[in-house]
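Reader: Hi! Could you take me on a close look at the surroundings of the ligand in this model, and at the backbone that goes with them?

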Amino acid sequence: MSFDHFDYKGVRFAKELHTEESVSCAENEFEVFDDDIYNVTYPKSGTNWMIEILNLIKHKGDVTKSDVLSIQRRSPWYEEATFHEYIDKMDPPRIITSHLPHHIFAKSFFKSKAKIIYTIRNPRDVIVSLFHFTKILNLFTPTENFQNFIEDFIQGKAMFGSWFDHIKGWMQMKDDKRFFFITYEELLQDLRGGVVRICKFGGQELDDAQIDLVVKHSTFKSMKENPMSNWSEMPSEIMDLSKGAFMRKGISGDWKNHFTVAQSEYFDKIYQEKMKDLNMSFFWEQSS
Ligand code: PPS
């Protein structure tokens, strides 16, 4: 997985998007407000989907209010070097996105009452989604060698480091009242149920019709057709959508079309080893 990068506290960052200063500032200087909501994920785990859901909930399902800005401006990634361009324009409660691992997250968060929603996805599907993403996001040098790609992912050579460390780091907060986690697969199975749980966690009271609107506008089809959510506004020298879609397939289990049996068995072995101390069981562990 090739991209121009630097390492910060053992984690890999893309130079095109981050600087050591922007990451350090996100960790040490960023001021978290008590009413902030943080949408935290490992990349390709449903980040944009959660941005859409949270903004729709904030505006009680009114897409004309939630989607005034494109997705990357609505709930920007606060560790990125360009974040300062957006911060003053964010209306409270701010919905802020981050791929940061737990050990680099804003120190001020841990003294605040702000909330985190953490979305997790089957790592095999994360690999596949990322593999295709490297073909359209120009900061990557794309590769056709899927075996090497899996190996790099396992070794934490992807942006934001090791998936395993990310999950294990954040799961330290699983019993904290300010932390809510949900899987991409749960959202796929029951989007409405997920939205209701997220509203409950955030203390937002929406009636049934408003929840229906949140669901309607956050389906894969709606987001894929929505220019404010499908990244079509991005300049092609940054993201080349003629080479593939950002809203690619939006399904669970696409890894079965990419992994060989040997690759799947190999990944499984590593997964078991790396996740054995977590004492949690995820949906995909039964089905993969
Ligand atoms: S990023 O670049 O890290 O912010 O990407 P992220 O948003 O985390 O993940 C992109 C994948 O999420 C899929 N997606 C969705 N799936 C189902 N429903 C909805 N509404 C939805 N929105 C985004 C998107 O298609 C990417 O997955 P793949 O497997 O590549 O299709």
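Author: Happy to; what follows starts at the ligand and then moves out along the chain.

Please keep in mind that this is a predicted model. The shell around the ligand is made up of 22 residues, and the closest of them are Thr47, Asn48, Ser129, Tyr184 and Lys249. Sorted by class, that shell holds nine nonpolar residues, nine polar ones and four charged ones.

Three of the polar contacts can be followed atom by atom. In the side chain of Thr47, an N or O atom sits 2.4 Å from an oxygen atom of the ligand. Ser129 also faces a ligand oxygen atom, with a polar side-chain atom at 2.7 Å. For Tyr184 the partner is a nitrogen atom of the ligand, 2.7 Å from a polar atom of the side chain. As for cover, the ligand on its own has 650 Å² of accessible area, and the protein covers 97% of that.

Which helices help to build this shell? At least two residues each come from helix H2 (47-58), helix H6 (123-136) and helix H12 (220-225). H2 gives the most, with three residues.

Since H2 contributes so directly, its packing is a natural next stop. H2 packs with helix H10 (residues 191-202), their axes 11 Å apart and at an angle of about 60 degrees. H2 is therefore oblique to H10, because an angle of that kind falls outside the parallel, antiparallel and perpendicular ranges. The crossing in which H2 passes H10 is right-handed.

Following the chain on from H2 brings you to the loop between H2 and helix H3 (63-66), where Lys60 lies. Phi of Lys60 is near 50 degrees, a positive value although the residue is not glycine. Another backbone detail is found in the loop between helix H5 (84-87) and strand S5 (95-98), which holds Pro93. The peptide bond joining Pro92 and Pro93 is cis, with omega about -10 degrees. Both details merit a glance because most residues other than glycine have a negative phi, and most peptide bonds are trans.

Terms used:
Residues numbered from 1 in each chain as written. Predicted model: local features only at pLDDT ≥ 70, side-chain atom pairs only at ≥ 80, totals over all residues. Heavy atoms only, no water. Near = heavy atom within 4 Å. Polar contact = N/O pair within 3.5 Å; in protein donor to acceptor, adjacent residues only side chain to side chain. Areas by Shrake-Rupley, 256 points an atom, 1.4 Å probe, with all protein chains shown as cover. Helix = DSSP H or I, 4+ residues; strand = E, 2+ residues; numbered from the N terminus. Nonpolar A, V, L, I, M, F, W, Y, C, P; charged D, E, K, R; others polar. Axes fitted to C-alpha atoms, helices over the stretch in contact; angles between N-to-C directions. Parallel < 35°, antiparallel > 145°, perpendicular 65-115°, else oblique. Left-handed = near helix turned anticlockwise from the far one by under 90°.
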